[in-house]
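Let's take a walk through this structure together, starting with one residue and working outward. Keep the model open beside you as you read.

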Amino acid sequence: DLDWVQRCDITSKSPIVVESTEDDLDRELKFYQQALEAVTMAKNNIEKAGVPFSRPNDYFAEMVKSDSQMARIRQKLLDQKTSIQNAEEAKKQRQLRKYGKQIQQEKIKEREDKKKATLDKIAEVKKRLRNGNAGNGDDGGDDDFDINVDSDDDSSSRQTFTNKGKNGRPLPNKKRQVKNAKFGFGGKKRGLKKNTAESTNDMSGFSAKRNKSAEFSRAPNKGIIKRPGKSKRQRTN
């Protein structure tokens, strides 16, 4: 007879009893309990025989797949993970843009409604001013635009236009004056260098010494032999 290490057979102590063969959960549980009992018995027998069965900590086993193949598989998994993350991020950005556009449209609509309401109020106030009913108290004083016609803004604007310059035109505001002093004030650009009667008669900028040159002072060179004309050359030939 062979030793148990050579045979490695295990017989369960108790048989499997299943109440209903249609109950998959109960049947699988009984299989699991029987396999666990067999593994425990086999472990005890191997320990009694003194045969090592567990892998030591410093054991080096050669991989079935090469390192290059595993690196390609790892890179493929990383690429798939990155693509999934990018797709999720793009989906989230699309949702955010859609929500942002919706919020923007709501803000624009709210701003337009507020502007329209303000213009309607102003038109109503102007109509009452034209009819001479402004400030009479006929409306009960509950209007949001219960304003005074002679406000500070109107008086300041009238004061600004009453300040006139040398040519009789109203002066610009302070901000415009500062910019004009720093960068210029525009005006006419065409014809600035055009001569006039005053500029033509003005000889203050002329200097005879500066404008004197050898081109105007030297006498013509008499040593230069000029080429004879065509008719003269034909007669000599």
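**A buried aspartate and its surroundings**

With a relative accessible area of 18%, D26 is buried. The cut-off behind that word is a relative accessible area under 20%, so D26, at 18%, falls on the buried side. Please keep in mind that you are looking at a predicted model.

Where does D26 sit? You will find D26 in helix α2. What does D26 touch, once its neighbours within four places in sequence are set aside? The answer is V18 and E19, both in contact with D26.

The side chain of D26 also has a partner, K30, and the two meet in a salt bridge with an N to O distance of 3.9 Å. Both D26 and K30 belong to helix α2, and they are four residues apart, about one turn of the helix. That spacing fits a simple rule: an α-helix has 3.6 residues a turn, so residues three or four places apart point the same way. While D26 is buried, K30 is partly exposed, with a relative accessible area of 24%.

**More charged pairs**

How many salt bridges does a search of the whole structure find? It finds four, and the D26 and K30 pair is one that you have now met. Another joins D24 to R27, with the closest N and O atoms 2.8 Å apart. This pair also lies in helix α2, where D24 and R27 are three residues apart, about one turn of the helix. Are these two residues buried or partly exposed? D24 counts as partly exposed at 46% relative accessibility, and R27 counts as partly exposed at 22%.

For a further salt bridge, move along to helix α3, where K109 and D113 are four residues apart and therefore separated by about one helical turn. The closest N and O atoms of K109 and D113 are 3.3 Å apart. K109 is exposed, with a relative accessible area of 53%, whereas D113 is partly exposed, with a relative accessible area of 41%.

Helix α3 spans residues 67–131, and R97 is found there too. R97 belongs to a positive surface patch, which is formed by K91, R94, R97 and K101. How open is R97? With a relative accessible area of 49%, R97 is partly exposed. A residue needs over 30% relative accessible area to be part of a patch, and R97, at 49%, meets that requirement.

**Back towards the N terminus**

Now return to helix α2 and look for N45, which is found there. N45 counts as partly exposed, at 25% relative accessibility. Which residues does N45 contact, leaving aside its neighbours within four places in sequence? They are W4 and I10. Along the chain, N45 and V5 are 40 residues apart, yet their C-alpha atoms are separated by 8.1 Å.

The loop between α1 (4–7) and α2 (24–49) holds C8. This residue has a positive phi of about 55 degrees although it is not a glycine. Most residues other than glycine have a negative phi, and most peptide bonds are trans. C8 is also exposed, with a relative accessible area of 51%.

A positive phi turns up again further along, at G184, where phi is about 100 degrees. G184 comes just after α5. Helix α5 covers residues 174–183, and the number of buried residues among its 10 is zero, so this helix lies largely in the open.

**The chain as a whole**

Let's step back and look at the whole chain. Which secondary structure does the chain have? It comes to nine helices and zero strands, and from the N terminus on the elements run α-α-α-α-α-α-α-α-α. Buried residues make up 3% of the 237 residues in the chain, and D26 is one of the buried residues.

The chain exposes about 23200 Å², of which carbon and sulfur atoms supply 52%. What of the contacts between residues at least 6 apart in sequence? Among these, 28% join residues at least 24 apart.

Key:
Residues numbered from 1 in each chain as written. Predicted model: local features only at pLDDT ≥ 70, side-chain atom pairs only at ≥ 80, totals over all residues. Heavy atoms only, no water. Patch = residues over 30% accessible without salt bridge, like charges linked within 9 Å, V, L, I, M, F, W, Y side chains within 5 Å. Areas by Shrake-Rupley, 256 points an atom, 1.4 Å probe, with all protein chains shown as cover. Lys, Arg positive; Asp, Glu negative; His and termini not counted. Charge placed at Lys NZ, Arg CZ, Asp CG, Glu CD. Helix = DSSP H or I, 4+ residues; strand = E, 2+ residues; numbered from the N terminus. Buried < 20%, exposed > 50% of the residue type's maximum accessible area, 1.4 Å probe, protein only. Contact = heavy atoms within 4.5 Å.
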